[in-house]
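Colleague: Please take me through this structure, one topic at a time.

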Amino acid sequence: MLSIQNIAKSFDALKVLDQLSFDVKDGEFVAIVGPSGSGKSTLFQLIGGVSPIDQGAILLNGEDIQQKKGTIGYMPQQPCLLPWRTIVENVTLVEELQHKSNVERAKEWLEKVGLASFIHAYPNELSGGMQQRVSFIRAMVSDKPILCLDEPFSAMDEFTRLEMQAWLLSIWEEYRKSILFVTHSIEEALFLADRILVLTKRPATVKKEIIVPFERPRKEEIRHSAAFTALKQQLFMYLQEEKGDMYVD
Ligand SMILES: Nc1ncnc2c1ncn2[C@@H]1O[C@H](COP(=O)(O)OP(=O)(O)OP(=O)(O)O)[C@@H](O)[C@H]1O
């Protein structure tokens, strides 16, 4: 589905990504973890066509999508809802920009995720968790083959975050859309993903790939299993090895 082939990216003299390659298969949930400043958000900008790559290729179903906007669904860290638009108007925003808004489908989705009574409400009437659900649904209804989620739960308190992880899995397990998910939380990556890519410090490349062995649907109890703890420690060690002098620009 998505194939990142040997890409490199620099901002002037700062080399951010180098020889970065990986694939995401149809219906797969892939998490990316890496040190701060290693270029994870930059990677999403490149996949989203917002910024050009210096070298390599980005293919979506075999097609080169370099600098093509609107080919992926994107969910940022903050919900980024427009305060003057209602919830349903926020969900249809991306489609509207592409002149193919489907209000009925947006409403169906909002109903499906328990937000029926908020369809015509404004963002400030919703909790942070609810706003992130709307942001996710906006990415979902845009009906792109892959969703890129950039630390979507990082600004939340621990309880809401756990709730959102379970919520995301329940939706994903039903629809199995390909997801590329950036997170700083090792535990979140292990609980959600089929596969975890560990990036090196800048310039980032793939240091390790971990296949997550837990069966689906995932149950909360796996967080307390010996296998989960062992993988957590392994991932922690990989990330610690990359800490180095990564803040020195
Ligand atoms: N448009 C830009 N111009 C110049 N430098 C940039 C630009 N965008 C990102 N950078 C630099 O590239 C490096 C990687 O940034 P990026 O935001 O991709 O890292 P990240 O891994 O997402 O970080 P974090 O985990 O802290 O969110 C940083 O040093 C950043 O300052």
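**Working notes on the model**

Modeller: To begin with a single residue, Leu199 is buried, with 26 other C-beta atoms within 10 Å. Here a residue counts as buried if 20 or more other C-beta atoms lie within 10 Å of its own, as exposed if 12 or fewer do, and as partly exposed in between, with C-beta atoms placed from the backbone. This is a predicted model, in which local features need pLDDT of at least 70 and side-chain atom pairs count only at pLDDT 80 or more, while totals for chains, interfaces and linings use all residues. Residues are numbered from 1 along each chain as its sequence is written.

Colleague: Where is Leu199 placed, and which residues does Leu199 touch?

Modeller: Leu199 belongs to strand β9; strands (E, at least two residues) and helices (H or I, at least four) are DSSP runs, numbered from the N terminus. Leaving out residues up to four places away in sequence, Leu199 touches Ile32, Gly34, Ser38, Lys40, Ala204, Val206 and Lys207. Contact requires C-beta atoms, placed from the backbone, within 7 Å. Leu17 is 182 residues away from Leu199 in sequence, yet their C-alpha atoms are 9.8 Å apart.

Colleague: On to the ligand. Which residues come nearest?

Modeller: Twelve residues surround the ligand, and Phe11, Ser36, Lys40, Ser41 and Thr42 come nearest. A residue is near a molecule if its C-beta atom, placed from the backbone, lies within 6 Å of it.

Colleague: Which element gives the most to that shell, and how do its residues divide into nonpolar, polar and charged?

Modeller: α1 gives the most, with three residues; β2 (14-24) and α1 (40-47) each supply at least two. By type, the shell holds three nonpolar, seven polar and two charged residues. Ala, Val, Leu, Ile, Met, Phe, Trp, Tyr, Cys and Pro count as nonpolar, Asp, Glu, Lys and Arg as charged, and the others, Gly among them, as polar.

Colleague: Now helix α4. Which of its residues are buried?

Modeller: Ala106, Trp109 and Leu110 are buried in α4, which runs over residues 103-112. They lie on the same side of α4 because they cover an arc of only 100 degrees around the axis, the arc being that of the directions from the helix axis to the C-beta atoms. An α-helix has 3.6 residues a turn, so residues three or four places apart point the same way.

Colleague: What covers the buried residues of α4, and which residues are on the other side?

Modeller: The cover includes α2 (87-91) and α5 (128-141). On the other side of α4, Glu104, Glu108 and Glu111 are exposed. Gly114 follows α4, with a positive phi near 80 degrees.

Colleague: How many residues has the largest nonpolar core?

Modeller: That core has 59 residues, and those with the most contacts inside it are Val30, Ala31, Val91, Cys148, Phe181 and Ala193. Helix α5 gives the most to this core, with six residues. A nonpolar core is a set of buried Ala, Val, Leu, Ile, Met, Phe, Trp, Tyr and Cys residues joined through C-beta atoms within 7 Å.

Colleague: Which residues are in contact with Phe181?

Modeller: Apart from neighbours within four places in sequence, they are Phe29, Val30, Ala31, Leu149, Leu192 and Ala193.

Colleague: Next, the backbone. Which peptide bond to Pro203 is cis?

Modeller: The bond from Arg202 to Pro203 is cis, with omega near -10 degrees. Pro203 sits in the loop between β9 (195-199) and β10 (206-211). A second cis bond joins Arg216 to Pro217, with omega near -5 degrees, and Pro217 is in the loop between β10 and α8 (226-241).

Colleague: What is the phi of Asn6, and of Glu151?

Modeller: Asn6 has a positive phi of about 55 degrees although it is not a glycine, and Glu151 has a positive phi near 45 degrees. Most residues other than glycine have a negative phi, and most peptide bonds are trans. Asn6 is in strand β1 (residues 2-11), whereas Glu151 is in the loop between β7 (146-150) and α6.

Colleague: Are they buried or exposed?

Modeller: Asn6 is partly exposed, with 13 other C-beta atoms within 10 Å. Glu151 is also partly exposed, with 18.

Colleague: Lastly, which residues does the UniProt annotation cover?

Modeller: An unreviewed UniProt entry annotates residues 2-226 as "domain: ABC transporter". UniProt positions are given in the numbering used here, feature names are shortened, and annotations may be inferred rather than shown by experiment. In the model, that span is 30% helix and 26% strand, and its end C-alpha atoms lie 33 Å apart.

Key
Contact = placed C-beta atoms within 7 Å.
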